[in-house]
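Biologist: Hi, could you pull up that structure and walk me through it? I have a few quick questions.
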Amino acid sequence: MTGVTPGGVRSFTGVQLALLGSGLLVNFISFSVYPYLAVLLRDRMGLGMGQVGVVLGLATLVQFAGGLPGAALAERLGLQRSLLLAMVLQTIGSLGFLVGGTWPVATVVALFVRSAATALYSPSVRGYTLHGAGPDERPRLVAASYATGNVGIALGPVVGALFIHHPGGMFAVAAALHAALTIGHALLPQETRDDSQVIEPVRRALHGLAVLPFAVTALTIYLYMHFYQYLSSYAEGRVPTVFFGSAMMGYSLMLVVLQPLITGRVERMRYAHAMALGFGGLAVGMIAFTGGNGLAIAAGIAAIGASTSVLFLKNALEMLARTPRSPAVVFGHQRLAEGTGACLSGLAGGQAYQAFETARFLPGFWGAVAAQCLLLPAFVLLLLRRLRRPAITPEGSR
């Protein structure tokens, strides 16, 4: 068991530190291209934004929702072996992006291969990071996992901004890094099995699902992905690409700094209060984007950074606390929720963006998303309360 003390990262084991570093590099590689996928697909494939939304929606559904079967596979195959397999797929995906420069359809194939790899990697790496940790240790490990992952997310968009219009070199480096990570994961020790842990059949992968945090996570990602998938296209021509990449780096660095600092407070916070704070902040950020200039976009990104720091962390902690399943399966449930929200955001958001773009009133798109940030959380809570309310049997009907 990990001897986590107030000593910070020095209290983590060598394996945990290696896994945290791996998460940083994997996210760095992925997010050097992810925020610009809409631009890349437009340039290489000549797709309209509605079509781009469909491709991104389906790819994110595979990436996130695939975490549930990915977690089930990791329970059977083993976490270390699953991480190794995921890295092999990531390497193949990076090579596909490289080939996509001359064969555009390979770009879409590579996108789905890397989405499948992430579906296996994410629950496996988080499950392995928490392997053997007690309930009191988990919040700090979850916060550390988010923080190091967000360092990679912070650095990736800046590199992507520099190379996205000439991406061949970037994809060659990505393939080399993924190959090196594959070797590194092959050297990790295989985790020990807990004989007391019940491994459910695949058909019972949803057994023990924590319904409320599942629904709130899906809603969080649905709203958040409007920001992450469509802001790059909205910002194009309004602000310099490097400014946008730097602002996105600032967003991720905000999460890196804030989440470890607020872990204890967020853990003690009532879920309803965390939702009000988080979704309210998302609405403020979306409204700020309607300004359409550098200051407004930077302010909106900052507001969304503060709100998602709370929502992402609280949702993960609630899912872990409300189910007896293993951490890998819990994170599989989380990925399914994220995939559901991301897919809806891609499908509905792409069509909405295109409609506002056709009407030459793109700021209205962000106003519509802000309204959803305020209305949908209340609707979800009301719906779940109604579904949980026991049926009242009329007196004398027995």
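Modeller: Sure, here is a short chat about confidence, helix packing, salt bridges and a few single residues.

Biologist: Before we start, how far does the confidence go?

Modeller: This is a predicted model. The protein averages a pLDDT of 83, and 90% of the residues score at least 70.

Biologist: Which helix has the lowest confidence, and which the highest?

Modeller: Helix α2 (residues 37–45) is lowest, with a mean of 78, and helix α11 (residues 271–289) is highest, at 95. Residues 1–7 have a pLDDT below 50, though that stretch still has 17 contacts in the model beyond near neighbours in sequence.

Biologist: And how many contacts does 391–398 have?

Modeller: Residues 391–398 have 0 contacts beyond four places in sequence, and pLDDT stays under 50 there too.

Biologist: OK, on to α1. How far does that helix reach?

Modeller: Helix α1 covers residues 14–31, which is 18 residues, and spans 26 Å from first C-alpha to last. That is close to the 26 Å expected at 1.5 Å a residue.

Biologist: Which of its residues are buried?

Modeller: In α1 the buried ones are Q16, L19, L20, S22, G23, V26, I29, S30 and F31. They pack against α5 (79–99), α6 (105–129), α7 (138–163), α8 (168–186) and α9 (211–235).

Biologist: What about A18, buried or exposed?

Modeller: A18, in helix α1, falls in between: A18 is partly exposed, because its relative accessible area is 37%. In sequence A18 and L188 are 170 residues apart, yet their C-alpha atoms are 8.7 Å apart in space.

Biologist: Back to α2. How do α2 and α6 cross?

Modeller: Their axes come within 9 Å and cross at roughly 150°. Angles over 145 degrees count as roughly antiparallel, so that is how α2 and α6 run relative to each other.

Biologist: Which residues make that contact?

Modeller: From α2 there are L37, L40, L41, R44 and M45, and from α6 there are V105, T107, V108 and L111.

Biologist: Switching topic: how many salt bridges are there in the whole structure?

Modeller: A search of the whole structure turns up 2. K314 and E318 meet in one, at 3.3 Å from N to O, and E318 meets R322 in another, at 2.7 Å from N to O. K314, E318 and R322 are therefore linked in a network of salt bridges.

Biologist: Where do K314 and E318 sit relative to each other?

Modeller: Both are in helix α12 (residues 294–321), and because they are 4 residues apart there, about one helical turn separates them.

Biologist: Are those side chains buried or exposed?

Modeller: K314 and E318 are both buried. E318 counts as buried because its relative accessibility is 13%, whereas R322, at 42%, counts as partly exposed.

Biologist: Still in α12, what does S309 touch?

Modeller: S309 lies in helix α12 and is buried, with a relative accessible area of 0%. Leaving aside neighbours within four places in sequence, S309 is in contact with M254, L255, L258, Q259 and I262.

Biologist: And S94, what are the contacts there?

Modeller: S94 is in helix α5, and S94 is also buried, with a relative accessible area of 0%. Beyond neighbours within four places in sequence, S94 is in contact with R114, F171, A174, A175 and H178.

Biologist: Now α4. Which residues are buried there?

Modeller: Helix α4 runs over residues 67–77, and its buried residues are G67, L68, G70, A71, A72, A74 and E75. They pack against α3 (49–65), α5, α6 and α13 (327–358).

Biologist: What comes after α4?

Modeller: G78 follows, with a positive phi near 105°.

Biologist: Last one: what does A65 contact?

Modeller: A65 is found in helix α3, and A65 is buried, at a relative accessible area of 13%. Setting aside neighbours within four places in sequence, A65 is in contact with T60, R335, L336 and G339.

Biologist: How far is A65 from Q372?

Modeller: Their C-alpha atoms are separated by 23 Å, and A65 and Q372 are 307 residues apart along the chain.

Conventions
Residues are numbered from 1 along each chain as its sequence is written. This is a predicted model: local features need pLDDT of at least 70, side-chain atom pairs count only at pLDDT 80 or more; totals for chains, interfaces and linings use all residues. Side-chain values use heavy atoms; hydrogens and water are left out. Helices (H or I, at least four residues) and strands (E, at least two) are DSSP runs, numbered from the N terminus. The expected span of a helix is 1.5 Å times one less than its number of residues. Buried means under 20% relative accessible area, exposed over 50%, partly exposed in between (1.4 Å probe, protein chains only). Contact means heavy atoms within 4.5 Å. A salt bridge is a side-chain nitrogen of Lys or Arg within 4 Å of a carboxyl oxygen of Asp or Glu. pLDDT is the predictor's confidence in each residue, from 0 to 100. Axes are lines fitted to C-alpha atoms, for helices over the stretch in contact, and angles run from 0 to 180 degrees between N-to-C directions. Angles under 35 degrees count as roughly parallel, over 145 as roughly antiparallel, 65 to 115 as roughly perpendicular and the rest as oblique.
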